[in-house]
Amino acid sequence: MKRLLLGDEAIALGALHAGLSGVYAYPGTPSTEITEFIQGDKLARERNVHSRWCTNEKTAMEAALGMSYAGKRALVCMKHVGMNVCADAFVNSAITGCNGGLIVLAADDPSMHSSQNEQDSRFYGKFAMIPVFEPSNQQEAYDMVEEAFALSERLKEPVLMRVVTRLAHSRAAVEIHDAKAENELSPETDRTHWVLLPGNAKRQYAALIEKQPVIAEAAADSEFNRLELCEDEPENKTGVICCGIGYNYVKEAVGNTMNVLKVSQYPLPEKDIVALAAVSENLLVVEDGQPVVEELVRGMLGAGYPVYGRLTGALPRAGELNPDNVAKALGVESNKVYDPSPVLAGRPPQFCQGCGHRDVYNALREVVAEFGDKARVFGDIGCYTLGALPPFTAIDSCVDMGASITMAKGAADAGVHPSIAIIGDSTFTHSGMTGLLDAVNDHSNIVVVISDNLTTGMTGGQDSAGTSKYEAICVALGVDPAHVRVIVPQPTKVEQIKEMIREEIAYPDVSVIIPRRECIQTLARHARQKAAARKQ
């Protein structure tokens, strides 16, 4: 049986069919559709597969590790920058090992379609010394999940699976199989490797190092890695190492006319690389992301062997690869069908009409202007980041999840006044609460605006962990209840919002303003759902 699936959906269905018991995730493009697919799947509902959103990627990683501890198969999903948030638990999970199969899915975003950077998650797999899978197409994505779970349980180690935006968000027909049963509940009985006191951790680290030859052998023997040598000697003496989705670009450019090594499971298959180098005058490394493999191959073959790729300029140093720039690097003609049309004008993103964030920024911009060049507004990650663009140009920074509050605090410590933070509801519970606690403990002279649209709007309207709890959270963290203020952001209340901001700027301590109105998109969606329910 075949189904037409996004890469994300193929991963989700592959996990369900491999006996998944729980998916843990925080929404982040391009990974979001994995969890959403599981949430809507009939089999997942029948089996009561856990699929609620987590507060952040660290809590997701730790909960998935707990499910693995109990002997069940768990999947934890995030975008690439989420790996930074969960890194503590992720790296240590390689030291504790796992019980039930554990897959960490990182969706990287080359070209930064919706991200602050284009870091490559394969570095994390090498750093943690665990197996890494990188599918080249949707069918492999589906098939790999079962193999990754099996390898995880065989090695008693978590496995990292890395995909990129183009694979996550493109569709293909996928041959599927029957679903396997879930693992039986079998909580871990050996406590020593789960309690990372130094004595235990040293033994576990030594055990992880001892597993490295087995991990390397698994990659060398993997069906997902393949050395494809031409029957006749090719005209082009360049050998090509293709990683993940790059294999498709190479095949589209040169077909079967060059010697190719397809890499979709790591560590690198060293024997195959040496064999490819032996029949090639030089090697081109085609990898979407950073030059992870190019650097490793250079070290493997020595300085005397010519290796080309992103580091040498043979391929672009930044951004996504595509069949055109790969073809150029291979010295073949292409139709350049991927060049953007010069007649299309760029259109920057903007707030939806009727969005409550508009009213907040209209008020904030006017109040900030009253202080000349003295005021600073520190922004955060979410759809409200669009307040940095015209016509609002209302925020002065946006660095990472939760940075608005702590940067506002640091600026206030340095003497900036007024120092204002604006953060979304989901981002606040993700990583803003600890910053607010620091500000409270230091009696920082800042105003925190938690722009609450009752959802995680940036990624499509997922549940927000703190809905209906924000006032209580702020008071519990120590903010004076008299300075935790709520208002409905509407055009008719802009003057009221402005006056509220002025009053809290005048208060010489931490204050919180919560403009609350449901996202216009989820409001419309809920209205349609209610109308449909009434008709039934």
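This is a short walk through two sheets, one helix and a handful of single residues in the structure above.

One thing before we start. The model is predicted.

Let's begin with the parallel sheet. Five strands make up this open sheet. Their order is β14-β15-β16-β18-β17, and the pairing is parallel. Which strands are at the edges? They are β14, residues 376-378, and β17, residues 484-487. Each of those pairs on one side only. From one strand to the next, the twist averages 20°.

Look inside that sheet at β16 and β18. Strand β16 covers residues 446-451, and β18 covers residues 511-515. The two run parallel, joined by three bridges. If you want one position to click on, take V448. Its bridge partner in β18 is V512.

Now the helices that lie across this sheet. Helix α15, residues 356-369, lies across β14, β15, β16 and β18. Its direction is at about 175° to β15, the strand at 419-424. Helix α17, residues 425-441, lies across β15, β16 and β18. For α17 the angle to β15 is about 145°.

Let's stay with α15. How far apart are its end C-alpha atoms? They are 21 Å apart. At 1.5 Å a residue, the 14 residues should span 20 Å, so the two values agree. Next, burial. In α15, 10 of the 14 residues are buried, so the helix is largely enclosed by the rest of the structure. Among the buried ones are G356, H357, R358 and D359. Y361 is buried too, and so are V367 and V368. What covers them? The cover includes strands β14, β15, β16 and β18. It also includes helix α19, residues 494-506.

Keep Y361 in mind, and turn to the aromatics. The whole structure holds seven aromatic pairs. Here is one of them: F351 and F392. Their ring centres are 5.5 Å apart and their planes stand at 70°, so this pair is edge-to-face. Where do the two residues sit? F351 is in the loop between α14, residues 323-330, and α15. F392 is in the loop between β14 and α16, residues 403-414. The pair therefore ties together parts that are 41 residues apart in sequence. Both F351 and F392 are buried. And here Y361 comes back: F351, Y361 and F392 form one aromatic cluster.

The loop between β14 and α16 has further points to show. P391 is in it. The peptide bond from P390 to P391 is cis, with omega near 10°. T393 is in this loop as well. Its phi is positive, about 40°, although T393 is not a glycine. Is T393 buried or exposed? With a relative accessible area of 52%, T393 is exposed.

There is another cis bond to note. It runs from H417 to P418, with omega near -5°. P418 lies in the loop between α16 and β15.

On to the mixed sheet. Six strands form this one, and it is open. The order is β2-β3-β4-β6-β5-β11, with mixed pairing. At the edges stand β2, residues 20-25, and β11, residues 265-266. Each has a single partner strand, so one side of each is left without a neighbour in the sheet. Inside, six bridges join β3, residues 73-79, to β4, residues 102-108. Those two strands run parallel. K79 stands opposite A107 in β4.

M129 is worth a stop. It lies in the loop between α7, residues 122-128, and β5, residues 132-133. Its phi is near 65°, a positive value in a residue other than glycine. At 21% relative accessibility, M129 counts as partly exposed. The cut-off for buried is under 20%.

Two last stops. First, E9, in helix α1, residues 7-17. Its relative accessibility is 15%, so E9 counts as buried. What is E9 in contact with, leaving aside its neighbours within four places in sequence? The contacts are L4, F37 and R171. And how far is E9 from I513? They are 504 residues apart in sequence and 39 Å apart in space, C-alpha to C-alpha.

Then K262. It lies over the face of Y247, at 5.9 Å from the ring centre.

That is the tour.

Key. Residues numbered from 1 in each chain as written. Predicted model: local features only at pLDDT ≥ 70, side-chain atom pairs only at ≥ 80, totals over all residues. Heavy atoms only, no water. Pairing = 2+ DSSP bridges. Helix = DSSP H or I, 4+ residues; strand = E, 2+ residues; numbered from the N terminus. Axes fitted to C-alpha atoms, helices over the stretch in contact; angles between N-to-C directions. Contact = heavy atoms within 4.5 Å. Phe/Tyr/Trp six-rings, centres within 6.5 Å; stacked < 30°, edge-to-face > 60°. Buried < 20%, exposed > 50% of the residue type's maximum accessible area, 1.4 Å probe, protein only. Lys NZ or Arg CZ within 6 Å of the ring centre and 35° of its normal. Expected span 1.5 Å × (residues − 1).
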